[in-house]
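Subject: Structure for you to look at

Hello,

Here is the structure I said I would pass on. Please open it first, then read the notes underneath.

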Amino acid sequence: MPQNEFHQQTMGQQAHRLSWAEPYKIKVVELLSLTTRAERQRAIKKAGHNTFLLESADVYIDLLTDSGTSAMSDRQWAGMMRGDEAYAGSRNFRHLEKAVRGVYGYQHVLPTHQGRGAEHLLSQTLIKPGDYIPGNMYFTTTRFHQERAGGTFVDVIIDEAHDPKSEHPFKGNVDIKKLSNLIQKVGSEKIPYVSIAGTVNMAGGQPISMGNMKEVRALCNKYGIPIYLDATRMVENAYFIKTREEGYAKLSIAEIVRAFCSHTDGACMSGKKDSLVNIGGWLAVNCKELYDEVSNLGVAYEGLHTYGGLAGRDMEAMAIGIRESIHYKHIRARVGQVEYLGNLLREWGIPIVLPVGGHGVFLDAKAIYTHIPQEQFPAQALAADLYAESGVRTMERGIVSAGRDAQTGNEKYPELELVRLTIPRRVYTQAHMDVVAESVMSVYEKRENATGLRMVYEPKFLRFFRARFERLM
Ligand SMILES: *Cc1c(COP(=O)(O)O)cnc(C)c1O
């Protein structure tokens, strides 16, 4: 199988090279802005050392996120022209519904303005105060909505996920023992559902295996607990199952996605990731009664059940993007580019989370800024330094993102203190990846001179988006 050869080649075990060349050519370009170091130093200071507060015009290569930053295809743009902007019953909604049913296999589809809209509706409908929601590591907005609804998130991911050096091929797996212990402890009636993400963003884009998913399903069946999937990067997860898990090499990406989703009862989706659009999401479930409930709430928060906060043209672009996303050549090039960057950094001895994830490369800030204690936000400082060095924008995934404990208000000290270099889909070239790697190297070489930060403004919710910092001297 070519994908196995590719995999071996990226693992450095094979002499001849098999390239993952982009399965598209460029038709429109957007010029990049180049700034001077002095300009960047002013810009990052003005932004309170938070890369979320930088102006896009001051950024050279933008690796802040892969969310909504994809380049759409000519087919998607053509689809935008075919938007049916009827308030109700848009033809584009039917296309979206068909794509979700066909690719992910869920029966009832509700469009939402983006992924968090779906999370909101699902959490408000299923979670009661005092409930527990186990998951394979938290995601910021997912946990936020679970807690807002009165639930407590419980991390049941395997320990390897918290160890940036562990090369476990499926660091997104659920620790079955942790999950069953929780069920024993609180009782299945206190667990409205298990929240599964594929791939796991906060662990570094790490996949969950099909085998593990089946085990989770078997355990949940025993207690009658449903499973809801965060399908945001499920296609990337399917690629890892195909290339890493025994027995799946011959299956298509589409077959793997369908099989995986068949072990779950529904999903929240941010179309801004896998589905190659700039805005959009959906909530899909198999249970008709649940669908009726979430659509009732959806009318108030998102929009009528056939548009859910999206224009007809957005739904059309997403329907087309869903189908493009499951092509093997697409996903191989997508993950291949991420691995290319990761392998460069790894060869140069820069500490990163291993294995390289599906949507980004994660720098291990604790291992780079060893002299900066976690209270002084080493990952936040590293992201700011990388921007000042080169204009490359990244983001913190560490103590700032983890936020405070919802009950006690105390700081959480996550084991992972990372800087995420997230690669937008179909946007940058291999030469851009070289420049990024060189920029990281320059900052790495100067690491001993780096200083930490002090938080001077802390928003109440999801603080990483808008917090401000000052440099400690
Ligand atoms: C982005 C993301 C979400 C939220 O989706 P939005 O479209 O940004 O609201 C949920 N889960 C994961 C894993 C994500 O990466």
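Below is what was found, going from the overall build of the chain to its domains and then its surface.

Please keep in mind that this is a predicted model.

The protein chain has 17 helices and 14 strands. Its radius of gyration is 21 Å, and the globule rule gives 23 Å for 473 residues; the two values are close, so the chain is as compact as a globular protein of that length. Along the principal axes, the C-alpha atoms fill a box of roughly 60 × 55 × 45 Å.

The domain assignment splits the protein chain in two. Domain 1 is made of two stretches, 16–66 and 328–471, while domain 2 covers 75–325. Between the C-alpha centres of the two domains the distance is 25 Å. Where the domains touch, domain 1 contributes 36 residues and domain 2 contributes 42 residues.

As for contacts within the protein chain, take those between residues at least 6 apart in sequence: 72% of them join residues at least 24 apart.

How much of the protein chain is buried? Of its 473 residues, 60% count as buried, meaning under 20% relative accessible area. The exposed area of the protein chain is about 19,400 Å², and 51% of that area comes from carbon and sulfur atoms.

Last, the charges. The protein chain carries 57 positive and 54 negative charges, and the mean positions of these two sets are 3 Å apart.

Regards

Key
Residues are numbered from 1 along each chain as its sequence is written. This is a predicted model: local features need pLDDT of at least 70, side-chain atom pairs count only at pLDDT 80 or more; totals for chains, interfaces and linings use all residues. Side-chain values use heavy atoms; hydrogens and water are left out. Helices (H or I, at least four residues) and strands (E, at least two) are DSSP runs, numbered from the N terminus. The radius of gyration is taken over C-alpha atoms; the globule rule is 2.2 Å times the number of residues to the power 0.38. Buried means under 20% relative accessible area, exposed over 50%, partly exposed in between (1.4 Å probe, protein chains only). Contact means heavy atoms within 4.5 Å. Accessible areas come from the Shrake-Rupley method with a 1.4 Å probe; for residues, only the protein chains shown count as cover. Lys and Arg count as positive and Asp and Glu as negative; His and the chain ends are not counted. The place of a charge is taken as NZ of Lys, CZ of Arg, CG of Asp or CD of Glu. Domain bounds come from an automatic or database domain assignment.
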